[in-house]
2 protein chains.
Amino acid sequence: MADYQAPLDDIRFLLKDVFKVDEFWASLPGVADVIDTDTADAILEEVGKIAATAIAPLNHSGDEQGADWNGGDVKAPAGFKEAYQTLCEGGWCGLGGSPEFGGMGMPKSLTAQVEEMIQGASLAFGLAPMLTAGACLSLLNHGSQELKEKYLPKMYSGEWSGAMDLTEPHAGTDLGIIRTKAIPSKDGTYSITGTKIFITWGDHDMADNIIHFVLAKLPDAPAGSKGISLFLVPKFHVNDDGSLGERNQFACGSIEKKMGIKGSATCVMNYDGAKGWMVGEPNKGLAAMFTMMNYERLAVGIQGLGIAEASYQSAIEYARERIQSRSAQGPQNPEKSADPIIVHADVRRMLMTMKAWTEGSRAFSTYVASWLDRAKFAESQEDKTESDGRVALLTPVAKAFMTDRALETTVIGQQVFGGHGYIAEWGQEQLVRDVRITQIYEGTNGIQAMDLMGRKVLGNRGEWLSGYIKEIQSYAESVSSNDALAGYAATLIAEANSLSEVAGQVADQTANDREAPGAAAVDFLDLVGYVSYAYMWLKIADAASQQDSDFAKAKLKTAQFFYQRLLPTTQSLRAKIAAGSDSMNLAAELF
Amino acid sequence: MADYQAPLDDIRFLLKDVFKVDEFWASLPGVADVIDTDTADAILEEVGKIAATAIAPLNHSGDEQGADWNGGDVKAPAGFKEAYQTLCEGGWCGLGGSPEFGGMGMPKSLTAQVEEMIQGASLAFGLAPMLTAGACLSLLNHGSQELKEKYLPKMYSGEWSGAMDLTEPHAGTDLGIIRTKAIPSKDGTYSITGTKIFITWGDHDMADNIIHFVLAKLPDAPAGSKGISLFLVPKFHVNDDGSLGERNQFACGSIEKKMGIKGSATCVMNYDGAKGWMVGEPNKGLAAMFTMMNYERLAVGIQGLGIAEASYQSAIEYARERIQSRSAQGPQNPEKSADPIIVHADVRRMLMTMKAWTEGSRAFSTYVASWLDRAKFAESQEDKTESDGRVALLTPVAKAFMTDRALETTVIGQQVFGGHGYIAEWGQEQLVRDVRITQIYEGTNGIQAMDLMGRKVLGNRGEWLSGYIKEIQSYAESVSSNDALAGYAATLIAEANSLSEVAGQVADQTANDREAPGAAAVDFLDLVGYVSYAYMWLKIADAASQQDSDFAKAKLKTAQFFYQRLLPTTQSLRAKIAAGSDSMNLAAELF
């Protein structure tokens with residue numbers, strides 16, 4: 001398999017030429033002080049090296065060996081602990097963390113790139129720093145000063161890791177029905193009892209302590225999702241001097257045998273009167289979780305992107321080297337018995353599809369990350385409010401559309417390899433198995449679509465969507481005097497108009513049919529995704545049209561491919577949504 | 001996971017009500033003598049029982065245990081040998097075999113159903129009887145009487161199995177460049193030397209002997225695909241009395257670690273002066289292979305169908321039992337803490353999609369099988385010629401479209417399970433891993449698309465396609481007086497017209513652009529697939545509209561779903577094809 005290389009050229013092009021982060025970062029108080037493009041370059045290069053040389057080489061061996069649970073504690077696969085320490089010693093685990101507690105305070109538009117490189121090198125590995133960062137975010141935003149001082153510095157440094165404990169055997173999507181109990185103790189702590197499942201890196205030997213954030217119910221909690229509280233539950237208690245004390249009353253009961261991400265441990269966690277500290281207000285645990293959810297959901301989309309990039313890199317290399325059959329134009333490689341398969345149009349169609357989705361995803365995640373930065377750092381409340389809306393609207397799209405396209409991309413990458421794509425040693429099949437989880441966890445992609453359609457679009461009568469559509473159209477108009485872009489701009493304006501109409505259509509359907517939003521949701525999310533990527537590809541083409549290089553030529557050709565060979569899918573999505581829910585109203589017993 | 005059950009109700013409905021095999025079988029000399037619907041019923045029930053009780057229970061354990069190669073011979077997973085013997089002792093391995101040599105002479109329209117049940121129960125297992133049947137077909141059609149008498153009876157009985165040895169490390173799609181040599185010996189046999197890879201069940205302990213059919217080149221063979229010959233190479237030599245003699249000079253050199261079908265052995269076979277017998281004419285080995293290829297490629301499509309059916313059965317059961325969140329209509333299950341997830345429109349959308357693809361595939365494979373029967377058994381040469389054309393046209397569609405939809409279906413089936421879909425013990429993830437190979441082997445789906453677009457459509461100026469389109473339109477017109485069907489019939493007529501136009505459009509593009517067929521191929525195959533399934537769903541709806549039952553109601557609702565929520569994809573396929581190849585003309589070094 002090809003050696004993974006961090007896609008630094010594309011990342012730099014996006015940051016500097018497409019999103020002009022020089023100006024953007026300088027405009028944000030708090031960001032301007034910590035980062036400029038030179039510093040960013042140095043960070044990207046350094047983490048890129050770690051990703052390529054310390055993490056990527058563990059991906060296949062980690063899959064083969066798997067995380068090991070021997071009835072007691074979990075051992076990560078060989079090399080994982082050392083790589084984790086290498087990553088954290090560079091300070092990269094606290095890259096986006098609060099400087100008040102030892103983090104580097106970097107904006108998401110930069111950390112998103114770092115995340116992609118780590119996840120692209122190994123998803124099983126990358127889950128550990130990602131979940132730690134998410135846990136830190138919840139703690140930072142909702143924990144007491146005491147808890148923050150005690151835990152954040154060592155979590156940012158990577159000495160301790162974090163884990164999120166939400167799911168129970170009977171409660172996944174529907175967290176309102178969890179059963180884990182938290183009984184108040186006299187000293188102000190809580191005694192936690194219950195079983196959590198699907199806890200990623202819930203136990204391991206890569207860090208000295210593991211800080212769990214556990215959703216549980218107080219004895220007097222109201223039923224449903226308004227009766228859930230969040231608790232910090234460390235594996236080892238922490239003494240006042242910061243040293244580790246006794247082991248807490250919980251343990252990993254087993255780990256799952258999974259389709260992929262086998263190098264990571266997916267734990268059943270049994271809490272048996274474990275001592276925990278409440279984070280945030282009683283019964284407001286879900287709200288505390290939602291704080292980190294926009295970050296985590298974007299991060300899952302970025303996982304898809306990273307894996308898709310890895311698949312693309314391998315597929316290009318293979319398509320250039322594997323010789324099989326002759327070009328339709330006649331032999332291109334007459335001295336050999338056949339031509340490299342990249343000469344075949346259908347193989348290039350596959351590679352162009354991978355390229356268009358992957359680079360489009362990288363642009364989209366950077367775009368969404370920049371709205372997270374505005375929401376966090378902008379000066380005016382108006383700016384923050386607009387940004388919060390855009391983030392809320394686009395987060396489910398980033399999570400679901402990026403991961404759906406990532407499965408599509410890795411399946412194509414495997415197909416380019418023919419029979420070898422099915423064989424473990426070539427690496428492509430692992431990427432398909434690994435990426436598949438990104439469509440499922442952190443809220444299935446169907447749940448993302450319901451969130452978009454229900455809460456984010458119908459819930460505010462399309463206000464957030466309208467703002468986004470206006471932005472797209474205003475941008476498209478602004479570049480339509482450029483001859484190279486005029487055709488795409490006109491298409492994008494029409495697509496954006498249609499999107500607005502379709503949202504109105506679903507609202508109309510809903511007036512008479514409560515099933516309409518659910519019936520439309522997945523196709524609608526796809527529609528927003530296609531239009532969003534069309535927006536990204538116009539931005540990319542805009543920047544590329546101002547350059548003269550092979551890199552820029554390839555970008556323009558890929559934009560053409562996106563508009564001609566991928567975007568037309570919107571036609572059928574609109575027709576499907578227009579049909580409403582009637583055809584799926586079949587009684588349960590008739591299936 | 002749900003226990004696999006053979007879908008006998010749907011098979012009976014298709015055979016009797018949709019395809020009216022009573023009349024069809026009676027009209028074919030050679031078929032009328034061996035089968036009627038009562039006999040078919042008995043066979044289906046019996047094999048259905050074996051599939052459900054003897055084969056399906058081995059699927060998960062076979063995946064976990066895997067085929068075992070210990071440096072010598074291969075051992076199948078526990079239970080496989082017994083199940084193989086059970087299957088063969090019933091005579092089911094020779095079901096479609098020639099009665100002259102002990103086969104049962106059944107038509108493909110019946111054996112296709114039997115294949116689905118076996119493959120649906122376990123693909124890893126089902127590959128053994130399938131490859132044996134394919135090997136028998138090549139031998140029957142091209143081997144000498146002596147070879148046929150010596151080998152066929154014991155292969156039909158299942159005492160011996162068959163394997164097909166085509167691929168070499170450097171030669172997969174492009175068999176013209178194989179290097180395995182066949183040197184003539186004085187006794188009329190050949191000495192075979194070379195390495196073959198990806199040989200499914202190339203070695204195992206389920207049968208007493210394994211008969212390999214090996215492609216190799218004679219010393220004076222012309223270069224390329226016109227210099228390939230086919231050889232029968234038994235693992236153990238067969239004495240004149242039929243007993244087994246010495247071991248032949250070849251062995252399994254290793255087995256592959258694969259994404260799925262782990263219960264089957266995928267062998268590297270090393271031939272070191274092995275003794276072989278030529279099958280057919282010198283240098284015409286590929287032609288001998290093509291005889292079985294239409295059967296094998298349909299059989300691979302049917303593998304996809306079988307696995308998709310298994311995924312669908314599990315998904316329905318899970319969706320009825322798993323409770324999570326409330327219906328958009330308000331609580332449907334108020335005594336419990338949540339409703340079964342089948343109440344959610346998006347879950348029903350997933351299940352309806354699975355149902356529409358799976359039942360559509362079953363109809364389509366039965367339809368293609370009936371053309372194979374006409375090609376083989378019809379009395380008039382005219383009928384045979386028409387049938388050969390229809391089979392040639394639709395075989396690549398059956399192979400590629402059925403398996404692509406099967407991946408889509410199993411991925412959805414996994415998604416219905418949420419996080420549990422990713423965990424091995426629930427069974428859904430194995431189906432995704434297993435089904436993925438069906439898109440790759442027996443000619444990748446991209447190769448199928450090139451075959452369809454190039455040889456089967458452009459190659460004869462659309463003659464075969466026109467015949468098919470006329471059949472579709474004439475059928476659609478014949479049912480358009482039925483009010484329940486008129487709308488679908490009109491849509492189908494329009495779709496078929498468009499299909500004809502698109503074929504003409506690609507022909508026009510090709511006049512100026514040799515890359516056009518390759519650029520259009522995959523989308524064009526999908527287009528033919530969608531229109532074919534629309535044809536099938538109209539036939540199904542036609543039969544269902546004449547019945548009054550829950551089963552018929554579900555069929556009509558699913559037809560509506562297919563026409564409203566799946567078929568509109570043709571709109572975007574047409575737009576993509578119209579764009580031609582220009583957007584994928586990027587130089588290899590610019591990717």
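The buried residues of helix H12 of chain A are covered by elements from both chains of this predicted model. From chain A, the cover includes helix H4 (57–65), helix H7 (123–142), helix H9 (285–321) and helix H11 (381–416). From chain B, it includes helix H11 (381–416) and helix H12 (428–435). Helix H12 of chain A spans residues 428–436, and 9 of its 9 residues are buried. Among them are residues with hydrocarbon side chains, including A:Leu431 and A:Val432, as well as A:Glu429, A:Arg433 and A:Asp434.

The cover supplied by chain B leads to the interface of the two chains. Here 94 residues of chain B are in contact with 94 residues of chain A. Together the chains bury about 8,100 Å², of which 55% lies on carbon and sulfur atoms. B:Tyr422, B:Arg565 and B:Phe591 supply 12% of the area that chain B buries against chain A, more than any other three residues. The size of an interface is often expressed in this way, as the accessible area lost when the parts come together.

Polar groups also take part in the interface. Across it there are 8 salt bridges and 55 residue pairs in polar contact. Helix H17 of chain B (residues 550–566) contributes 9 residues, the largest share of the side of chain B that touches chain A. In one salt bridge, the side chain of B:Lys557 meets that of A:Asp582, with 3.5 Å from N to O.

An annotation covers part of chain A. In an unreviewed entry, UniProt lists residues 469–584 of chain A as "domain: Acetyl-CoA dehydrogenase-like C-terminal". This span is 84% helix and 0% strand, and its end C-alpha atoms lie 30 Å apart.

Attention may now turn to a single residue, A:Gly263. This glycine is placed in the loop between strand E10 (250–255) and strand E11 (266–279) of chain A. A:Gly263 counts as buried because its relative accessibility is 3%, and the cut-off for burial is under 20%. Beyond its neighbours within four places in sequence, A:Gly263 is in contact with several residues, including A:Gly62, A:Asp63, A:Phe80 and A:Trp201. A:Met584 is 321 residues away from A:Gly263 along the chain, and their C-alpha atoms are separated by 39 Å.

Finally, chain B offers an example of a hairpin. Strand E8 (residues 236–238) and strand E9 (residues 244–247) of chain B run antiparallel and are joined by 2 bridges. B:Phe236 has B:Arg247 as its bridge partner in E9. Between the strands lie 5 residues, and B:Gly242 in this hairpin takes a positive phi near 90°.

How values were computed
Residues are numbered from 1 along each chain as its sequence is written. Chains are lettered from A and ligands numbered from 1 in the order in which they are written. This is a predicted model: local features need pLDDT of at least 70, side-chain atom pairs count only at pLDDT 80 or more; totals for chains, interfaces and linings use all residues. Side-chain values use heavy atoms; hydrogens and water are left out. UniProt positions are given in the numbering used here, feature names are shortened, and annotations may be inferred rather than shown by experiment. Helices (H or I, at least four residues) and strands (E, at least two) are DSSP runs, numbered from the N terminus. Two strands pair if DSSP finds at least two bridges between them. Buried means under 20% relative accessible area, exposed over 50%, partly exposed in between (1.4 Å probe, protein chains only). Contact means heavy atoms within 4.5 Å. Buried area is the accessible area (1.4 Å probe) that two parts lose on being put together, summed over both. A salt bridge is a side-chain nitrogen of Lys or Arg within 4 Å of a carboxyl oxygen of Asp or Glu. A polar contact is a pair of N or O atoms within 3.5 Å; within protein, one must be able to donate a hydrogen and the other to accept it, and residues adjacent in sequence count only if both atoms are side-chain atoms.
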